[in-house]
Amino acid sequence: SEVTPMGRDTFMVSTDARGGFTSTADLMARSAQKANTYCAAKGEDMLPDSIQNQGVRGFTPQENTFLFRCLATNDPGNQRPNLRPMPNSVIELRSR
């Protein structure tokens, strides 16, 4: 998909595969390349934020959703990425 703005400096891009045996790593690499190209065109660095994968290789369509930020090299937030998967469920604990 095209890069979609998700806030001031945060963006989303997704890559999908229909049929075949495309690996999750390949989908993630293609999404990261799209993100890098987008940020480089702005003269900024790409900082991955989170990744979500759906689908089963060879059985169902696969999709990779990649959230990232474009930041100037000297931006204080431009540090090593702390990649984390997006949760597919949330458990809420309520105390009485």
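Here's a quick tour of the protein chain you see above. Keep in mind that this is a predicted model. The chain has 96 residues, and 26% of them are buried. Its secondary structure comes to 1 helix and 5 strands, and the structure also holds 1 disulfide.

**Overall layout**
- If you walk along the sequence, you'll meet the elements in the pattern β-β-α-β-β-β.
- Now look at contacts between residues with a separation of 6 or more: 58% of those in the protein chain involve residues 24 or more positions apart.

**The surface**
- The protein chain exposes about 6800 Å².
- Carbon and sulfur atoms supply 51% of that exposed area.

**The disulfide**
- Which two residues form the disulfide? The partners are Cys-39 and Cys-70, and their sulfur atoms sit 2.0 Å apart.
- That pair counts as a disulfide because its sulfur atoms, at 2.0 Å, fall within the 2.5 Å cut-off.
- The pair links distant parts of the chain, with the two positions 31 residues apart in numbering: Cys-39 belongs to helix H1 (residues 24-41), while Cys-70 belongs to strand E4 (residues 62-71).
- The link of Cys-39 and Cys-70 is left-handed, with -80° about the S-S bond.

**Buried or exposed?**
- Cys-39 has a relative accessible area of 0%, so this residue is buried.
- Cys-70 has a relative accessible area of 3%, so this one is buried too.
- The cut-off behind both calls is simple: buried means under 20% relative accessible area.

Notes: Residues are numbered from 1 along each chain as its sequence is written. This is a predicted model: local features need pLDDT of at least 70, side-chain atom pairs count only at pLDDT 80 or more; totals for chains, interfaces and linings use all residues. Side-chain values use heavy atoms; hydrogens and water are left out. Helices (H or I, at least four residues) and strands (E, at least two) are DSSP runs, numbered from the N terminus. Buried means under 20% relative accessible area, exposed over 50%, partly exposed in between (1.4 Å probe, protein chains only). Contact means heavy atoms within 4.5 Å. Accessible areas come from the Shrake-Rupley method with a 1.4 Å probe; for residues, only the protein chains shown count as cover.
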